[in-house]
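Please read the following points with the structure open beside you, and look up each residue as it comes up.

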Amino acid sequence: MSVLRVENGTGSQEASFRVSALFFVQDKGLHDRIRQDLKAFERSAPVEGHNETFRIAAKFLETENDLRGELKLLLVRNVPTTIILISDRLIVRDLPGHVVRDTRGRACPGPIVDDVRRQFLISPHLVGMVGLHEGPAKHVRDIDRTASVDGLTNGALRDSILNVALSLRMKAPPPPRNGEQMPAGEAIRIETVQSETQLRQCFAIRHAVYGQIMRYLPDEIIEHRARIEIDRFDTRSIHFAAVRDRTEDVVGTMRLVLNHPNPRSRSANGSGAFLPFPLRAHEWWCQMIARRAGPPFISKVMAPLSEFGVFPILLSTDFRRNQKQVIDEALYGCELSRLVILPAYRGFGISRVLIKAAIAKAFQLKRKSLLLECIPKHVEMYAKYGFKRLDGAPHSRPSDLDQYAIGMRLSMTQNEVAGRAKQYLLQILQQQRDFGCLRYGPFEVEGDVALPSSVDDGSQSDASYF
Ligand SMILES: CC(C)(COP(=O)(O)OP(=O)(O)OC[C@H]1O[C@@H](n2cnc3c(N)ncnc32)[C@H](O)[C@@H]1OP(=O)(O)O)[C@@H](O)C(=O)NCCC(=O)NCCS
């Protein structure tokens, strides 16, 4: 891919990831302060976990027309480009210097934000935004980072730009790596989560990548000391982990969300016996983790599901309205979700093995379809396994992630898909190596897991646990 260029000129093999930083700043003082130091924004910086360098080209645009013209030019380029727009015009103000906020103190994105996002939705390019505004730098919908102009230094602004650059780097294809680039003797095994400790590490990876790096999550979760991300679907999921053999650290994760009765009603009538065992163990560990992490997590895990809400994808209004087929299938389907790999382990094929594990588990549990929601950039990645885009509205707003998404479905009843799924399952059950440094571990929860007969609602968090 072109934005990922290996430079050969001086014999250096360091790859670079190019970013265009476009400044559109109307406040005169701020404008002049940034502009006089523009070169400082172009200094290269390492890309965390990628063995690459960010190469940034900074440009000032004086009017909205200049900005529109520049974006138009970038959009017609064949070469995939990464653009970061830095502006004090992204957020709604009712008076100069006075940002409009809702009752929770959140500012609102101006029309320019949605306009830019939509232009890039079906393009190969990636766009990110840094919003400059007065008052606290809280998350604003569709804006990757906000920076408060009160006391803002160019150094702090550069950090915000680099943060957005890293989140865009995570959306672009990973660097092509092979097993040899793994530290010597390193091997990764993919398995069904085997313990509460492993599951907590999975939630910590989601927090690190979806929260700290990509900023998909609300501020209160990103800033919470527990440093985990967990929601109500986790108690209804089979969780998978990619684990380093040498250290037992989890480096990647994914969940398969299933439809099953509410845990409370089940424990009351004892009808849980038919559930696959990983699900019951995982449900219990989730509740323990949430209980120890404290109130925001307990209410997330215990929140009741709406009639349509058996899968995350069904919370997206566009799908609910347009995808009757998906709703009708909900009882017999499942959803692949929260597939996340740590930056330093991207590009080794770990997600491939996790996706195969999800397909194999869906087959083993006789699910009729496997659904997912992904950002437009990932459609091709899933299409390789036979996932097809859902018809109808091409994009939707998942309720939990600050992104536009596309719905996809793998029909498990098609002979070809079922045949492949069976092959994956055999490969996994025989714990074969996928390739190189990757192998499969256990597909069920092994060993004894003490399961309670009822779950308390836990009002006590455990500060020493995290
Ligand atoms: C997307 C992600 C899960 C991929 O994991 P990974 O282990 O680095 O990917 P792999 O090495 O297994 O790559 C598998 C294939 O998918 C492709 N791919 C991976 N990420 C891609 C992306 N962002 N865009 C396009 N293709 C991508 C790879 O190029 C590779 O292609 P190949 O089979 O032709 O060689 C990982 O980069 C990640 O965690 N990203 C951030 C979180 C996220 O967005 N998750 C997806 C939720 S839908």
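1. In this predicted model, a good place to begin is lysine 368, which lies over the face of tyrosine 332, at 4.8 Å from the ring centre. A similar arrangement can be found at lysine 361, whose charged end sits over the ring of phenylalanine 443, 4.1 Å from the ring's centre.

2. Turning to rings that pair with one another, the structure holds 6 aromatic pairs. In one of them, phenylalanine 17 and phenylalanine 54 have ring centres 6.0 Å apart and planes at 75 degrees, so this pair is edge-to-face. Because phenylalanine 17 lies in strand β2 (residues 15-24) and phenylalanine 54 in strand β4, the pair ties together parts that are 37 residues apart in sequence. Phenylalanine 17 and phenylalanine 54 are both buried.

3. The rings of phenylalanine 23 and phenylalanine 60 have their centres 5.4 Å apart and their planes at 10 degrees, so this pair is stacked. Here too distant parts of the chain are linked, since phenylalanine 23 is in strand β2 and phenylalanine 60 in strand β4, 37 residues apart. Both residues, phenylalanine 23 and phenylalanine 60, are buried, and together with Phe41 they form one aromatic cluster.

4. Where does histidine 50 lie? Histidine 50 is found in the loop between β3 (45-47) and β4 (52-60), and it is buried, with a relative accessible area of 1%. The side chain of histidine 50 makes a polar contact with the side chain of arginine 346, at 3.0 Å. Leaving aside neighbours within four places in sequence, histidine 50 is in contact with Arg169, Met170, Pro175, Arg177, Pro343 and Arg346.

Note on methods
Residues numbered from 1 in each chain as written. Predicted model: local features only at pLDDT ≥ 70, side-chain atom pairs only at ≥ 80, totals over all residues. Heavy atoms only, no water. Helix = DSSP H or I, 4+ residues; strand = E, 2+ residues; numbered from the N terminus. Buried < 20%, exposed > 50% of the residue type's maximum accessible area, 1.4 Å probe, protein only. Polar contact = N/O pair within 3.5 Å; in protein donor to acceptor, adjacent residues only side chain to side chain. Contact = heavy atoms within 4.5 Å. Phe/Tyr/Trp six-rings, centres within 6.5 Å; stacked < 30°, edge-to-face > 60°. Lys NZ or Arg CZ within 6 Å of the ring centre and 35° of its normal.
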